[in-house]
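This report looks at the enclosed spaces inside one protein model, and at the residues around them.

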Amino acid sequence: MTLSPSAQLQLTESGELRHFLTVDGLPRPLLERIIDTANSFVVVGNQEVKKVPLLRGKTVVNLFFENSTRTRSTFELAAKRLSADVLNLDIKTSATSKGESLLDTLRNLRAMHSDMFVVRHSQSGAPHFIAEQVTPNVAIINAGDGRHAHPTQAMLDMLTIHRHKGAFDQLKVAIVGDILHSRVARDQVHALATLGCKDIRLIGPNTLLPAEAASLGVTVYTDMDMGLEEVDVIIMLRLQTERMDSAFLPSASEYYQVYGLNRQRLAKAKPDAIVMHPGPINRGIEIESEVADGSQSLILDQVGYGIAIRMAVMSMAMSGQMQERQAAEVI
Ligand code: NCD
């Protein structure tokens with residue numbers, strides 16, 4: 001099987017994870033291994049001592065060039081639960097704000113013998129660029145780049161679905177809202193398709209659906225009631241106004257009227273359908289409070305699963321890096 005250039009960058013010769021930049025192009029057994037490994041880490045979060053020694057002696061640097069609450073803190077907790085030393089670089093007070101280029105900042109961090117960079121950046125492709133320019137020997141984990149990819153979010157969503165619904169092949173999954181600006185939706189579609197989901201639905205107004213939607217192997221709906229019919233999983237997305245450079249919508253209240261998830265619309269889905277959202281949620285804009293806090297909502301469970309998925313990906317990438325280093329020493 002020939003791998004895409006981005007999969008080649010992410011995988012070692014023996015198919016282990018080296019970087020985690022996007023779900024796109026990664027093979028199904030690897031995604032399944034990430035889910036299995038994360039499942040074993042869910043238990044660590046429930047232990048009295050929430051630590052395992054897999055990253056002991058390793059240095060992880062969190063580089064968040066864009067705001068984040070959940071992703072940043074769960075990456076930090078994940079690294080700490082793996083026993084790594086964690087450096088949270090404060091970009092606002094770092095030398096990048098004194099004109100130092102991104103690459104120079106990263107080269108300095110590499111010179112401090114960092115083993116892993118967790119990167120969030122507003123520019124699509126920034127983590128790929130860093131992986132190409134800064135490594136070898138530093139694993140790059142994408143924590144969200146522009147509107148391109150957010151692989152750990154997509155995989156924590158897959159873990160959530162898998163734990164609550166089992167196998168993917170019989171499931172109907174709807175992703176609703178601002179698909180156009182969502183890095184989460186793109187990686188979710190790749191992950192769902194790779195894991196065998198055959199009924200993936202994208203629901204939103206035409207202005208918020210990407211032109212390439214139809215080519216992704218999904219069904220597109222502009223009518224939410226029709227799109228939600230008999231689905232097992234509903235994933236709501238936030239209106240990402242910070243990435244909108246022109247008027248995509250008449251108003252937030254009109255959007256809520258047509259695409260907000262309220263109890264009446266939820267009733268179109270299967271009675272045991274689950275409701276998910278990557279957060280931050282905007283109550284009364286994309287989701288009704290009663291639904292967000294209701295018995296079918298897994299929105300807060302997703303946050304905990306995020307720690308387990310990040311532990312899985314970090315430990316797998318570090319082990320791939322180590323194997324590669326050892327192989328290079330032998331040669
Ligand atoms: C998402 C993101 O940053 O892309 N959130 C997250 O990582 N928890 C989605 C969003 O911002 O709406």
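What volume does the second largest cavity have? The second largest cavity has a volume of about 30 Å³. The model is predicted, so to speak of local features a pLDDT of at least 70 is needed, side-chain atom pairs count only at pLDDT 80 or more, and totals for chains, interfaces and linings use all residues. Residues are numbered from 1 along each chain as its sequence is written, and side-chain values use heavy atoms, with hydrogens and water left out.

On a 1 Å grid over the protein atoms alone, a cavity is a set of points where a 1.4 Å probe fits but cannot get out, and its lining residues have an atom within 4 Å of a point. Points are joined across faces, edges and corners, and the volume is the space filled by probe spheres set on them. Two cavities of 30 Å³ or more were found in the whole structure.

| Cavity | Volume | Lining by class |
|---|---|---|
| Largest | about 80 Å³ | four nonpolar, seven polar, two charged |
| Second largest | about 30 Å³ | six nonpolar, no polar, one charged |

In these classes Ala, Val, Leu, Ile, Met, Phe, Trp, Tyr, Cys and Pro are nonpolar, Asp, Glu, Lys and Arg are charged, and the others, Gly among them, are polar.

Around the largest cavity there are 13 lining residues, and Arg-70, Gln-153, Leu-156, Pro-278 and Val-303 lie nearest its centre. The second largest cavity is lined by Ile-179, Ala-185, Arg-186, Val-189, Leu-202, Pro-210 and Leu-216.

Notes
1 Å grid on protein atoms, 1.4 Å probe; cavity = no way out; pocket = protein on both sides within 12 Å on 5 of 7 lines; lining within 4 Å.
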